[in-house]
Amino acid sequence: MSPWTLLELDEDADERSIKRQYAKRLKVTRPDDDPGAFQALREAYEQALRCARMRADEQEYERADESESGESEAFKPAPEALADFVVKPAPDAEGLAREAGNELARLTDTHNLQTQHELAMAQGCDPQFQQRLLERCLRDDSSNASLLNAAIAHLRWLTPWQTLRMSAEHEHTLTHRLLELERTQLEWDLANGEERHFLSDLQALSRQPWLASLERRQQLQSWLVVVLHNNPDWTAALFDRICTLFSWDDRKGIYPEPEFIWRGLIARCEENAYAEHLQRLVDGNADTVEAKAAVLVLAPPSKVKRLRLARSCGNDVWIGCETLCNQLKHRHPDILESFPEADLEGWRSLQVPPFNPDRWMWIGWCLFTAFYVLPSQAAEGKLDVLGAAVLMLIYPLVMVLVCNLFMRAWRPVSLAIERADEWLSDLILPEWIHWPGSQALAMRHGVPLILTGWITAHVGLGAFACYSLLMLAWIFLSPYRHPQVYAPARQAIKAFIEPRRGQIFTGFVVVSILVVLGFFMPAHTPILASIVRESPTLSDALPDKSPEAPSEQHPVKQQ
């Protein structure tokens with residue numbers, strides 16, 4: 001289809017009419033609605049501009065030729081007067097104007113630009129003066145930067161009011177030169193984190209008169225995405241504001257060219273937003289599942305604090321750690337540079353079942369009672385069945401209470417020396433004990449264990465031997481040291497206890513009361529019997545169990 005037909009213009013339309021009609025057609029031909037129609041409209045627009053400019057150049061040349069021929073005819077002397085004159089070559093007016101314009105442009109600087117321009121207009125060499133000045137400004141020379149800005153401001157280049165005719169290539173080069181002059185300030189804003197200044201400078205740049213046309217505004221946007229691509233120091237919030245400023249929307253297909261750079265910016269923006277989100281999780285309070293996972297993976301604290309945090313973690317935290325590691329490995333590996341202490345595998349050693357010290361302490365004292373206290377009492381002849389049952393119930397509970405009271409007093413001291421305790425544990429304890437086995441600390445756990453061993457040694461050699469064997473069994477065979485081995489058994493016990501927790505507790509309380517009553521009642525039975533016999537009220541209320549009673553109470557049976 002002819003470009004004039006597509007633009008709905010006549011073939012003799014000028015450049016201004018073409019641009020106006022193209023802007024009008026853009027309102028109904030959107031790139032996101034019909035990319036093919038938009039591309040056809042764009043090609044027709046460019047072809048029509050080329051035709052209009054070629055036609056304008058040809059008309060200008062024709063007018064110049066006509067004016068020169070008209071002047072020559074008007075001032076042509078009569079044939080009879082030619083003999084009175086000596087033929088001399090006429091001066092070259094175009095050459096003189098070019099020399100005058102070149103000389104004025106050579107002597108022009110930022111301060112005298114206006115004066116030199118007025119002189120050029122007075123001498124009739126303004127086009128030559130501006131053309132020579134344009135050649136100076138197009139040079140890649142930093143000394144011409146201020147002159148270029150002054151020429152843009154005074155001569156109104158790249159605006160509808162410019163008097164100098166430029167080719168499309170010169171307009172593109174000049175626009176790129178002007179944009180490059182702004183690059184230093186914008187890059188400085190990004191490097192120093194001055195995103196507000198960057199946005200304000202960018203807004204001021206986009207409002208420049210020489211960026212009002214559609215072509216140069218598209219050039220600005222393409223230049224800007226290259227600047228963002230070459231500078232990593234910007235945030236997702238700044239990118240969102242830039243998209244709002246230029247109405248970029250990836251979902252609607254409105255974005256600058258080149259597309260591969262735009263896709264890279266989108267990916268980097270998502271990565272920066274994700275990195276900022278993770279940094280906020282690490283710096284904040286670890287009170288959510290995602291925050292706990294971020295702390296364990298990206299900023300693991302000391303071993304003691306990691307263990308303390310892991311003991312409060314559920315299965316959802318470990319799922320969060322696995323998800324975070326997959327994201328960092330496969331989608332955002334560059335984020336790890338912002339977290340130098342990140343450990344993507346260390347958190348796996350923390351996946352151990354919750355450890356309840358009071359429960360295992362009670363089990364330990366029950367075993368100590370069964371293996372030492374009861375046999376020693378039975379050997380001395382001081383124990384019967386009910387006494388053994390009461391001892392098994394009361395002795396472990398009392399010892400757990402005593403140990404808890406001691407640990408409550410010892411815990412503040414152990415926390416105060418925690419850093420030194422961890423250093424000493426790393427130095428003297430084997431790794432299979434200190435990490436990641438039972439997570440024992442030399443002073444926090446060693447002092448209570450040694451003190452308990454010293455007390456049992458004073459009780460007797462058998463007590464110390466039993467205590468030592470139980471401690472060795474705990475070190476080598478504890479479920480906390482071999483979580484995978486004991487996991488099926490612990491899961492089965494948990495599945496059995498959880499739905500019957502209330503019944504088990506009630507049964508334990510009932511059995512404990514019966515055992516205690518059975519232990520104390522035999523000793524007080526004679527006293528209770530004498531009280532009953534001496535009390536007439538109780539003796540009358542109780543049935544008579546003498547041999548004659550059945551005949552009186554059951555006469556029918558006696559008959």
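These exercises work through cysteines, salt bridges and surface patches in a predicted model.

## Exercise 1. The cysteines

Determine how many disulfides the structure holds, and explain why the sulfur of Cys-269 has no bond to that of Cys-243.

Solution.

Step 1. Count the disulfides. The structure holds zero.

Step 2. Take Cys-243. Cys-243 is in no disulfide, and its nearest cysteine sulfur belongs to Cys-269, 7.1 Å away.

Step 3. Recall the cut-off. A disulfide needs two cysteine sulfur atoms within 2.5 Å.

Step 4. Apply it to Cys-269. The closest cysteine sulfur, in Cys-243, is 7.1 Å away, so the gap is too far for a bond.

Step 5. Add the surroundings. Cys-243 has a relative accessible area of 11% and is buried. Cys-269 is buried at 10% relative accessibility.

## Exercise 2. A salt bridge inside one helix

Find the salt-bridge partner of Arg-263, and state where both residues lie.

Solution.

Step 1. Start from the total. The whole structure has 15 salt bridges.

Step 2. Identify the partner. Arg-263 pairs with Glu-259, with 3.5 Å between the closest N and O atoms.

Step 3. Check the cut-off. A salt bridge requires the nitrogen within 4 Å of the carboxyl oxygen. The 3.5 Å contact of Arg-263 and Glu-259 is a salt bridge.

Step 4. Place the pair. Helix 12 (residues 259–283) holds both Arg-263 and Glu-259. They are four residues apart, about one turn of the helix.

Step 5. Rate the exposure. Arg-263 has a relative accessible area of 35%, partly exposed. Glu-259 is partly exposed at 36% relative accessibility.

## Exercise 3. Salt bridges between separate elements

For the pair Glu-345 and Lys-329, work out which parts are tied together. Do the same for Arg-444 and Glu-418.

Solution.

Step 1. Take the contact of Glu-345 with Lys-329. Their side chains form a salt bridge at 3.0 Å, N to O.

Step 2. Locate the ends. Glu-345 sits in the loop between helix 15 (315–330) and helix 16 (357–379), while Lys-329 sits in helix 15, so the pair ties together parts 16 residues apart in sequence.

Step 3. Rate the exposure. Glu-345 is partly exposed, with a relative accessible area of 40%. Lys-329 is partly exposed at 37% relative accessibility.

Step 4. Widen the view. Glu-345 and Lys-329 belong to a network of salt bridges that also links Glu-322 and Arg-348.

Step 5. Turn to the other pair. The side chains of Arg-444 and Glu-418 form a salt bridge at 3.0 Å, N to O.

Step 6. Locate these ends. Arg-444 lies in the loop between helix 19 (431–434) and helix 20 (446–459), and Glu-418 in helix 18 (residues 418–428), so this salt bridge ties together parts 26 residues apart in sequence.

Step 7. Rate the exposure again. Arg-444 is buried, with a relative accessible area of 17%. Glu-418 is buried at 13% relative accessibility.

## Exercise 4. Charged patches

List the residues of the negative patch and of the positive patch. Then place one residue of each: Asp-12 and Arg-16.

Solution.

Step 1. Name the negative patch. On the surface, Asp-10, Glu-11, Asp-12 and Asp-14 gather in it.

Step 2. Place Asp-12. Asp-12 is in the loop between helix 1 (3–7) and helix 2 (15–26). At 60% relative accessibility, Asp-12 is exposed.

Step 3. Name the positive patch. Arg-16, Arg-20, Lys-24 and Lys-27 form it on the surface.

Step 4. Place Arg-16. Arg-16 belongs to helix 2. Its relative accessibility is 56%, which counts as exposed.

## Exercise 5. The nonpolar patch and helix 21

Decide which helix gives the most to the nonpolar patch. Then give the distance from Met-471 to Gly-453 in space.

Solution.

Step 1. List the patch. Phe-406, Val-447, Leu-451, Trp-454, Ile-455 and Val-459 form it, with about 540 Å² of accessible area together.

Step 2. Assign the helix. Helix 20 gives the most, with five residues.

Step 3. Examine Trp-454. Trp-454 lies in helix 20. Its relative accessibility of 53% counts as exposed.

Step 4. Move to Met-471. Met-471 is in helix 21 (residues 461–477). Its relative accessible area is 25%, so Met-471 is partly exposed.

Step 5. Give the distance. Met-471 and Gly-453 are 9.8 Å apart in space, C-alpha to C-alpha. In sequence, Met-471 and Gly-453 are 18 residues apart.

Technical notes
Residues numbered from 1 in each chain as written. Predicted model: local features only at pLDDT ≥ 70, side-chain atom pairs only at ≥ 80, totals over all residues. Heavy atoms only, no water. Buried < 20%, exposed > 50% of the residue type's maximum accessible area, 1.4 Å probe, protein only. Patch = residues over 30% accessible without salt bridge, like charges linked within 9 Å, V, L, I, M, F, W, Y side chains within 5 Å. Areas by Shrake-Rupley, 256 points an atom, 1.4 Å probe, with all protein chains shown as cover. Lys, Arg positive; Asp, Glu negative; His and termini not counted. Charge placed at Lys NZ, Arg CZ, Asp CG, Glu CD. Helix = DSSP H or I, 4+ residues; strand = E, 2+ residues; numbered from the N terminus.
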